[in-house]
Amino acid sequence: MVRRKGSSMRFLPIFLNLAGKRCLVIGGGPVAARKAATLLRAGGTVTVLAPELGAAVAELLAQGRLAHCRKIFEPSDLAGFHLVVAASDQPQVNALAAEAAEARGIPVNVVDRPELCSFVFPAIVDRSPLLVAVSSGGAAPVLARLLRDRLERMLPAGYGALAELAGRFRARVKASLPQPARRRRFWERVLAGPVAQLVLAGRVPEAELHLEHAIQAEKREQDTGGNGFVFLVGAGPGDPDLLTLGGLRAIQEADVVVYDRLVSPEIMDLVRKDADRIYAGKEASRHTLPQDRINALLVKLAREGKRVVRLKGGDPFIFGRGGEEIDTLLEEGIPFQVVPGITAAAGCAAYAGIPLTHRDYAQSVSFVTGHLKEGESADLDWEHLARPRQTLVIYMGLKGLARICAQLMAHGLAPETPAALIEQGTTHRQRLVVGTVRDLPERVAKAGIGAPTLVIVGEVVNLHRKLAWFRGTPPAGADPTSPEA
């Protein structure tokens with residue numbers, strides 16, 4: 001589940017057990033009839049309270065499916081009921097019912113008045129015992145129904161039979177596979193594999209036989225201590241829409257996620273809720289976990305039979321030490337898979353409207369790291385980096401920006417060469433500071449920029465004024481039309 005920053009759920013999605021519970025529907029019109037029918041489908045015992053009944057409610061009454069109380073609502077009418085729906089055509093009656101139900105602690109729904117509701121009716125896809133509920137919290141019920149209709153077309157009716165099959169085998173699988181993580185992975189494979197296909201094709205006896213064999217095979221694998229695995233996943237530069245499908249699948253199947261500082265909160269929101277999370281973020285001169293300990297941790301978790309995701313901002317093979325980590329996994333015989341990510345250079349430059357190459361301005365790109373200790377600047381090939389008609393991308397260059405720009409100018413790069421720094425690129429917090437190699441450090445200092453950042457140097461920077469399409473949230477007091485906001 002992904003939420004916008006600062007947003008919260010207005011209603012908690014829950015499923016109520018109404019079997020045999022007394023439910024009161026106030027009103028006798030078509031809307032009341034629909035609500036009563038839904039409560040009856042859920043096993044509720046329904047009473048409709050209304051002076052008169054419309055045709056739809058009268059038909060349900062004639063079928064003996066509900067009771068009728070012919071009167072005008074009073075708060076004392078709520079006695080003995082577990083749930084109330086106010087669906088009359090009298091707003092004052094509905095408001096009175098909501099107030100009375102709230103005072104008695106009874107869940108209440110007031111049709112078309114979400115502000116008076118303690119619960120709302122979702123749009124339902126019924127593949128009993130599998131149910132899918134879609135709700136807008138009363139804000140846009142038509143949108144919820146449209147999404148429900150799409151899901152109806154996507155979910156075959158056979159999913160109900162598949163859920164029943166899983167229910168019949170649930171206790172046995174739990175007894176055979178006591179470890180929750182292994183059991184979850186087992187069900188994920190089963191419910192997306194041949195067993196599911198057989199059920200959806202109506203071949204349930206064959207599906208049961210396949211499931212029996214799968215349980216036995218998984219138990220043998222469990223007894224030999226296998227099945228640990230590591231995914232090395234690039235999370236991209238921050239925007240969750242830039243996470244690859246492979247990366248999304250990996251983090252939603254993970255038992256443990258070992259993640260870095262550069263992984264955005266929006267990406268972490270996509271991690272399965274019951275997965276363990278281990279922070280291994282690294283900053284200049286301050287490592288939460290040293291690299292050798294991270295390597296050892298991945299090995300340890302995999303040997304415990306867990307599915308581990310090593311989650312890194314950007315791409316793990318571009319200044320991400322991914323090569324060091326899989327080298328250790330290879331030495332220790334741990335199976336792994338690399339899921340590349342969109343690197344910060346590609347993502348942040350695109351969101352800033354700065355093409356990394358352009359046939360009129362730059363025919364090559366150089367990626368370098370600005371995370372250098374004192375005295376190490378000579379390790380970079382400054383003469384090469386200072387050449388014109390190319391784009392220079394500097395990762396982790398904020399702290400040493402003044403020294404980097406000075407070195408570029410000292411080795412022949414024109415001081416007026418365009419340069420830009422992107423803060424928290426691709427996220428709604430993105431800011432862009434544009435200047436030249438000469439004055440960019442001063443502009444950045446005045447803007448109060450913080451990590452993570454990316455620096456781009458070259459004539460292509462000038463194109464941002466024409467090509468910029470993405471706007472982050474400007475800082476307080478900034479001009480939102482400024483290219484530096």
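How many helices and how many strands are there in the chain? There are 17 helices and 19 strands, where helices (H or I, at least four residues) and strands (E, at least two) are DSSP runs numbered from the N terminus. Before going further, I should say that this is a predicted model, in which local features need pLDDT of at least 70 and side-chain atom pairs count only at pLDDT 80 or more, while totals for chains, interfaces and linings use all residues. Residues are numbered from 1 along each chain as its sequence is written, and side-chain values use heavy atoms, with hydrogens and water left out.

Let me start with the overall form. The radius of gyration of the chain, taken over C-alpha atoms, is 30 Å, well over the 23 Å that the globule rule (2.2 Å times the number of residues to the power 0.38) gives for 485 residues, so the chain is more spread out than a compact globule. Along its principal axes, the C-alpha trace spans about 90 × 60 × 40 Å.

Now to one sheet. It is an open sheet of 5 strands in the order 10-9-13-8-14, with parallel pairing, and two strands count as paired if DSSP finds at least two bridges between them. Strand 10 (276-279) and strand 14 (336-339) stand at the edges with a single partner strand each, so one side of each has no neighbour in the sheet. From one strand to the next, the twist averages 20°; angles here run from 0 to 180 degrees between N-to-C directions, and axes are lines fitted to C-alpha atoms, for helices over the stretch in contact. Strand 8 (residues 229-234) pairs with strand 14 in the parallel sense over 4 bridges, and Leu232 stands opposite Val338 in strand 14.

Which residues of helix 9 (residues 245-252) are buried? They are Gly247, Ala250 and Ile251, buried meaning under 20% relative accessible area, exposed over 50%, and partly exposed in between, with a 1.4 Å probe and protein chains only. Seen down the axis of helix 9, these buried residues fall within an arc of 90°, taken from the directions from the helix axis to the C-beta atoms, so they line one face of the helix. The face turned away from that buried side carries the exposed residues Leu245 and Arg249. Among the elements covering the buried residues of helix 9 are strand 8 and strand 14, contact meaning heavy atoms within 4.5 Å.

Finally, helix 1 (residues 30-41) and helix 2 (residues 55-62) pack at an angle of about 35°, their axes 7 Å apart.
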